[in-house]
Amino acid sequence: MASKYGRTVGALSIAAVLALTSAACGDDNDGGADDSAPTSIASALESAGSEAKDALSSASAAAASKLAEIKGGLDATADASVGPIRTEGDRTTAEVTVENKTAETADYTIAVEFRDAGGKLLDAIVLNIDNVEAGKQAKGTAKSNRKLTDVNKAEIGHAIRH
């Protein structure tokens with residue numbers, strides 16, 4: 001029963017964090033001049049910002065949903081680490097390492113968050129690393145869902161061993 005409780009708390013924690021960080025990505029509207037050209041530009045920028053927020057919300061929701069689907073998993077966030085970010089084509093990537101500290105082969109599902117220098121969430125993905133042998137490490141590559149700018153770091157949002 002303890003593992004079910006831990007899984008539920010972990011999934012709810014991820015959902016809450018993703019919802020809060022997504023809400024914190026709101027835009028600031030400081031008014032505008034009556035001139036139509038700046039208004040058109042502001043409107044275009046607002047539309048682009050809205051599309052980016054929609055993409056982030058969608059990615060965050062997908063990550064939370066994927067983690068919530070796992071049955072019988074245990075929190076293994078301490079068993080996962082992420083390396084430096086890189087750019088591959090038009091995507092941002094980071095190598096993720098998990099260490100299976102148990103006596104049995106296990107699968108890992110990891111939420112990886114890409115953030116800017118201020119800590120703002122830019123993208124969230126879910127990475128699966130399967131069949132990690134007991135006492136061994138395994139690696140996987142987290143790849144952003146879209147082109148990102150101003151990415152400063154990637155971090156483990158949550159990891160589940162199952």
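In strand E6, Thr 141 is the bridge partner of Glu 95. This pair belongs to a predicted model, and it is one point of the pairing between E3 and E6, two strands that run antiparallel and are joined by 7 bridges. Strand E6 covers residues 137-143, while E3 spans residues 91-99.

E3 also pairs with strand E2, residues 80-88. The sense is again antiparallel, over 7 bridges. Where the two strands meet in sequence, Glu 88 has Arg 91 in E3 as its bridge partner. The hairpin formed by E2 and E3 has 2 residues between the strands. One of its residues, Gly 89, takes a positive phi near 65 degrees.

Next to Glu 95 in the numbering is Val 96, which lies in strand E3. In a regular strand, side chains alternate between the two faces of the sheet. Is Val 96 buried or exposed? Val 96 has a relative accessible area of 0%, so it counts as buried, the cut-off being under 20%.

The residues around Val 96 can be listed once its neighbours within four places in sequence are set aside. Its contacts include Ser 81 and Val 82, and strand E2 comprises residues 80-88. Also in contact with Val 96 are Ala 138, Lys 139, Gly 140 and Ala 142; strand E6 comprises residues 137-143. The remaining contacts of Val 96 are Ile 110, Val 112, Leu 127, Ile 129 and Ile 156. For Ile 129, the separation along the chain is 33 residues, and the C-alpha atoms of Val 96 and Ile 129 are 9.1 Å apart.

After E6 comes a loop that leads to strand E7 (153-161), and Ser 144 is found in this loop. Ser 144 is buried because its relative accessible area is 4%, again under 20%. A polar atom of the Ser 144 side chain lies 2.8 Å from the backbone oxygen of Arg 146. Not counting residues up to four places away in sequence, Ser 144 touches Arg 91 and Thr 92, along with Phe 114, Asp 123 and Ile 125.

These details sit within a protein of 2 helices and 7 strands. Along the sequence the order is α-α-β-β-β-β-β-β-β. Of the contacts with a separation of 6 or more, 71% are between residues 24 or more positions apart. Of the 162 residues, 35% are buried. The accessible surface of the protein is about 9300 Å², and carbon and sulfur atoms account for 50% of that surface.

How values were computed:
Residues are numbered from 1 along each chain as its sequence is written. This is a predicted model: local features need pLDDT of at least 70, side-chain atom pairs count only at pLDDT 80 or more; totals for chains, interfaces and linings use all residues. Side-chain values use heavy atoms; hydrogens and water are left out. Two strands pair if DSSP finds at least two bridges between them. Helices (H or I, at least four residues) and strands (E, at least two) are DSSP runs, numbered from the N terminus. Buried means under 20% relative accessible area, exposed over 50%, partly exposed in between (1.4 Å probe, protein chains only). Contact means heavy atoms within 4.5 Å. Accessible areas come from the Shrake-Rupley method with a 1.4 Å probe; for residues, only the protein chains shown count as cover. A polar contact is a pair of N or O atoms within 3.5 Å; within protein, one must be able to donate a hydrogen and the other to accept it, and residues adjacent in sequence count only if both atoms are side-chain atoms.
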